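This report describes one protein model, starting from a single position and moving outward. Please keep the sequence and the structure in view while reading.

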Amino acid sequence: MVRELQAEGRPVDLLDLAQVSPYLTEHIKRFGEYSTHELGLTPDGYDARLDVDFSVLGGDKAAAA
């Protein structure tokens with residue numbers, strides 16, 4: 001979603017981005033009903049790097065991310 005916003009030329013506010021959880025939970029079914037036919041499929045590669053300068057948030061940890 002962040003990449004889509006950037007592709008549209010929209011600014012990405014770092015403070016807003018810092019509040020977004022990287023963990024999707026809407027698809028989790030607490031008590032089961034999980035499909036297993038996809039376990040043998042190899043997913044496409046995923047580039048987790050975002051073109052966002054986190055160093056402006058301060059601290060060494062933010063700059064290293």
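D53 counts as partly exposed because its relative accessibility is 46%, and partly exposed covers the range between under 20%, which is buried, and over 50%, which is exposed. D53 sits in the loop between helix 2 and helix 3. The C-alpha atom of D53 is 8.3 Å from that of L14, although 39 residues separate D53 and L14 along the chain.

The model is predicted. Its average pLDDT is 79, and 88% of the residues score at least 70. Confidence varies between the elements: helix 1 has the highest mean pLDDT, at 88, while helix 3 has the lowest, at 52.

As for the overall fold, the protein contains three helices and zero strands. Along the sequence this gives the pattern α-α-α. The residue ranges of the helices are listed below.

| Element | Residues |
|---|---|
| Helix 1 | residues 2-7 |
| Helix 2 | residues 14-18 |
| Helix 3 | residues 60-64 |

How many of the residues are buried? Of the 65 residues in the protein, 9% count as buried. The exposed surface of the protein comes to about 6,500 Å², and 54% of this area is supplied by carbon and sulfur atoms.

The next topic is the empty space in the model. Rolling a probe the size of a water molecule over the atoms reveals where such space is left. The largest pocket has a volume of about 730 Å³. Its lining is made up of 21 residues, and those nearest the centre of the pocket are V2, L17, V20, P22 and L50.

Which helices supply at least two residues each to the lining of the largest pocket? Helix 1 and helix 2 do. Helix 1 gives the most, with three residues. By residue type, the lining of the largest pocket divides into 16 nonpolar residues, one polar residue and four charged residues.

The last topic is contact between charged side chains. The structure holds one salt bridge. In this salt bridge the side chains of E8 and R10 meet, with a distance of 3.1 Å from N to O. Are these two residues, E8 and R10, buried or exposed? Both E8 and R10 are exposed, whereas D53, in the loop between helix 2 and helix 3, is partly exposed.

Key:
Residues are numbered from 1 along each chain as its sequence is written. This is a predicted model: local features need pLDDT of at least 70, side-chain atom pairs count only at pLDDT 80 or more; totals for chains, interfaces and linings use all residues. Side-chain values use heavy atoms; hydrogens and water are left out. On a 1 Å grid over the protein atoms alone, a cavity is a set of points where a 1.4 Å probe fits but cannot get out, and a pocket is an open set with protein on both sides within 12 Å along at least five of seven lines; lining residues have an atom within 4 Å of a point. Grid points are joined across faces, edges and corners, and a volume is the space filled by probe spheres set on the points. Helices (H or I, at least four residues) and strands (E, at least two) are DSSP runs, numbered from the N terminus. Ala, Val, Leu, Ile, Met, Phe, Trp, Tyr, Cys and Pro count as nonpolar, Asp, Glu, Lys and Arg as charged, and the others, Gly among them, as polar. A salt bridge is a side-chain nitrogen of Lys or Arg within 4 Å of a carboxyl oxygen of Asp or Glu. Buried means under 20% relative accessible area, exposed over 50%, partly exposed in between (1.4 Å probe, protein chains only). Accessible areas come from the Shrake-Rupley method with a 1.4 Å probe; for residues, only the protein chains shown count as cover. pLDDT is the predictor's confidence in each residue, from 0 to 100.
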